[in-house]
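Trainee: Could you take me through the nonpolar core of this one, in some detail? I'd like to see what it is built from and how the aromatic side chains fit in around it.

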Amino acid sequence: MDNNNNTNILWNNKWIWTAILFVGAMILSACKFVELPDGGAITYCSLLLLWLITYFFGFKHGLVFSILFGFAKFFITYATNEYINYEVWALILEYPLASGVFCLGGLIRTKKTTQATDKITIYNIPKESVKLTGGYLIGVFGQFIFYVISAVLFYPPNKQGFLPNLWYCIVYDGSYLLIEAVFTVILINIPPVTEAINYVKYVATHDNLTSNTDYF
């Protein structure tokens with residue numbers, strides 16, 4: 001079998017990389033580092049992989065697969081025996097909407113500095129660190145908003161009054177989302193990690209111009 005052909009199928013192949021990221025996000029979503037007693041968990045950067053679908057391929061593609069991930073997450077939640085509120089609006093808020101917002105970072109505009117015909121080395125792959133970090137944080141914040149709305153409406157903590165309930169939901173949902181977000185932001189801003197992500201993005205969205213190792 002031609003190993004070079006096996007490598008080439010990874011270049012400029014939206015669907016293979018989407019499948020890799022989507023399945024990876026699902027697996028990591030089910031692998032919880034910390035699970036809270038009333039729902040919610042810190043995962044191993046599953047939301048980052050979900051965001052990378054949009055980061056690599058743009059808003060429209062990311063929108064479709066972010067929403068699909070929401071439905072997939074429902075089945076993961078069911079399979080792991082977590083509590084599910086089957087009210088229609090609770091399901092919509094917590095799954096397709098809370099995951100769908102991870103495409104919004106795809107609306108961030110950055111200057112394109114590298115063309116497909118350029119001679120590329122790992123040292124001049126575009127570093128879109130603002131979009132990488134900012135888009136991820138937009139997704140986390142959007143998910144936080146939908147989780148808090150859902151919690152207040154469908155999982156009230158039975159505190160006295162609306163504001164105490166709201167504050168409890170903000171602190172509860174914000175705690176695990178913030179911890180995972182801080183860890184993820186630190187991780188993706190480590191220079192070798194940033195470079196690796198952008199290199200994979202380049203492979204996923206460009207043709208393999210040369211097999212010469214001087215280029216890569």
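Mentor: Sure, starting with the term itself: a nonpolar core here is a set of buried Ala, Val, Leu, Ile, Met, Phe, Trp, Tyr and Cys residues joined through side-chain atoms within 4.5 Å. Keep in mind that we're looking at a predicted model.

With that in hand, the largest nonpolar core comes to 44 residues, and Leu52, Phe56, Phe102 and Tyr136 have the most contacts inside it. Two or more residues each come from α2 (14-30), α3 (46-57), α4 (59-79), α5 (88-100), α6 (129-154), α7 (162-188) and α8 (191-205). Helix α3 gives the largest share, ten residues. Take Leu52: once you set aside neighbours within four places in sequence, Leu52 is in contact with Leu21, Leu132 and Ile197.

For the wider setting, the protein has eight helices and two strands, and from the N terminus the order is α-α-β-β-α-α-α-α-α-α. Of its 216 residues, 43% are buried. Among contacts with a separation of 6 or more, 74% are between residues 24 or more positions apart.

Now the aromatics. The whole structure holds 15 aromatic pairs. One of them is Trp11 with Tyr202, an edge-to-face pair at 6.3 Å centre to centre with 85 degrees between the planes. Trp11 sits in the loop between α1 (3-8) and α2, while Tyr202 is in helix α8, so this pair links distant parts of the chain, 191 residues apart. Both Trp11 and Tyr202 are buried.

Phe22 and Phe65 make another pair: their ring centres are 6.1 Å apart and their planes are at 75 degrees, and planes over 60 degrees apart count as edge-to-face, so that's the label this pair gets. Because Phe22 lies in helix α2 and Phe65 in helix α4, the pair ties together parts that are 43 residues apart in sequence. Phe22 and Phe65 are both buried, and together with Trp15 and Phe69 they form one aromatic cluster.

Helix α4 has something to show on the outside too. Leu68 is found in that helix, and Val64, Leu68, Phe71 and Phe75 make a nonpolar surface patch of about 400 Å². Leu68 has a relative accessible area of 40%; buried means under 20% and exposed over 50%, so Leu68 counts as partly exposed. As for the surface as a whole, the protein exposes about 11,800 Å², with carbon and sulfur atoms supplying 67% of it.

Methods
Residues are numbered from 1 along each chain as its sequence is written. This is a predicted model: local features need pLDDT of at least 70, side-chain atom pairs count only at pLDDT 80 or more; totals for chains, interfaces and linings use all residues. Side-chain values use heavy atoms; hydrogens and water are left out. Buried means under 20% relative accessible area, exposed over 50%, partly exposed in between (1.4 Å probe, protein chains only). Helices (H or I, at least four residues) and strands (E, at least two) are DSSP runs, numbered from the N terminus. Contact means heavy atoms within 4.5 Å. Patches are made of residues with over 30% relative accessible area and no salt bridge: like charges are joined within 9 Å, nonpolar side chains (Val, Leu, Ile, Met, Phe, Trp, Tyr) within 5 Å. Accessible areas come from the Shrake-Rupley method with a 1.4 Å probe; for residues, only the protein chains shown count as cover. A salt bridge is a side-chain nitrogen of Lys or Arg within 4 Å of a carboxyl oxygen of Asp or Glu. Rings of Phe, Tyr and Trp (its six-membered ring) pair if their centres lie within 6.5 Å; planes under 30 degrees apart count as stacked, over 60 as edge-to-face and the rest as tilted.
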